Amino acid sequence: VPEEAVKNLWTRTQTQPAPAYVKVVKPDKFWEEVSIKPLEMDEKYDRIVVFGDIHSCWDPLKEYLEKYPYNPRTFYLSLNDCFDRGLQTTEVLQWLIEWHNRPNFLMLISNHGTHFHKYAFDMESEIRSTEFLYQTKPAIEAMGLDKGLLRNICRRVGQMALIRFAG
């Protein structure tokens, strides 16, 4: 994200009220308002790997996984944005199918992830992304998967994560 875009967003947050659906929390009240249990990683894992903005681009992820094969002593965190933009939706979804139930894998919700969620739970009328509707959705449907499987993937998605790790 360009620095100028970040500055513009910051300026807007200082001069415009938050939307009605946003709950504003003062910094000193954050931990009182947000109930999230930290994930303690030191005992279970030697390292944490974070995947972000895959955007249906399987090749870079595949290259990483070939260089650093799956390790049960590594915690894998996906910041989602797994779909849209790229041309390898099928491969990325196949990876999610294989990984979503692993105890050392967590995927967080994202803007592109919400399109997938709405699709999986038959809320397509709420999807506003033409990219998802005309590129990602047809690729997913061509796989012939049961939506129950897609819903199971969505049920494993977290809203946020607080991770404690000294590794």
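Select Asp53 to begin; this residue sits in the loop between β2 and α3, where helices (H or I, at least four residues) and strands (E, at least two) are DSSP runs numbered from the N terminus. Asp53 is not a glycine, yet its phi is positive, at about 50 degrees. Most residues other than glycine have a negative phi. The model is predicted: local features need pLDDT of at least 70, side-chain atom pairs count only at pLDDT 80 or more, and totals for chains, interfaces and linings use all residues. Residues are numbered from 1 along each chain as its sequence is written, and side-chain values use heavy atoms, with hydrogens and water left out.

**The strands on either side of β3**

Next, select strand β3 (residues 74–78). Because 5 of its 5 residues are buried, β3 is largely enclosed by the rest of the structure; buried means under 20% relative accessible area, exposed over 50%, and partly exposed in between (1.4 Å probe, protein chains only). Colour the two faces separately: Thr74, Tyr76 and Ser78 are on one side, Phe75 and Leu77 are on the other, and all are buried.

Add strand β2 (residues 47–51), which runs parallel to β3 and is joined to it by 5 bridges; two strands pair if DSSP finds at least two bridges between them. Within this pair, Val49 stands opposite Tyr76 of β3. Follow the chain from β2 through helix α3 (residues 58–67) to β3: this β-α-β crossover is right-handed, a term that applies if, with the strands pointing away from the viewer, the path from the first strand over the helix to the second runs clockwise.

Now display β4, which is parallel to β3 and joined to it by 3 bridges. Leu77 has Leu106 in β4 as its bridge partner. With helix α4 (residues 89–99) shown as well, β3, α4 and β4 form a right-handed β-α-β unit.

**The cavities**

Rolling a probe the size of a water molecule over the atoms shows where empty space is left. There are 2 cavities of 30 Å³ or more in the structure. On a 1 Å grid over the protein atoms alone, a cavity is a set of points where a 1.4 Å probe fits but cannot get out, and lining residues have an atom within 4 Å of a point. Grid points are joined across faces, edges and corners, and a volume is the space filled by probe spheres set on the points.

For the largest cavity, of about 50 Å³, select the lining: Asn80, Phe83, Leu96, Met107, Ile109, Gly113, Phe116, His117, Ile153, Cys154 and Val157. Helices α5 (111–120) and α7 (147–155) each supply at least two of these residues, and α5 gives the most, with 3. The lining comprises 8 nonpolar residues, 3 polar and no charged; Ala, Val, Leu, Ile, Met, Phe, Trp, Tyr, Cys and Pro count as nonpolar, Asp, Glu, Lys and Arg as charged, and the others, Gly among them, as polar.

For the second largest cavity, with about 40 Å³ of space, select His100, Phe105, Leu106, Met107, Ile153 and Arg156. Strand β4 (residues 105–108) provides the largest share of this lining, 3 residues. By class, the lining has 4 nonpolar, 1 polar and 1 charged.

**Two further loops**

Move to Asp122, in the loop between α5 and α6 (130–142). Its phi is positive, near 55 degrees, in a residue other than glycine. Asp122 is partly exposed, with a relative accessible area of 49%.

Finish at Asp28, in the loop between α1 (3–15) and α2 (30–33). Asp28 is exposed, at 61% relative accessible area. Draw a C-alpha to C-alpha distance from Asp28 to Gln88: the two are 44 Å apart in space and 60 residues apart in sequence.

Methods. On a 1 Å grid over the protein atoms alone, a cavity is a set of points where a 1.4 Å probe fits but cannot get out, and a pocket is an open set with protein on both sides within 12 Å along at least five of seven lines; lining residues have an atom within 4 Å of a point.
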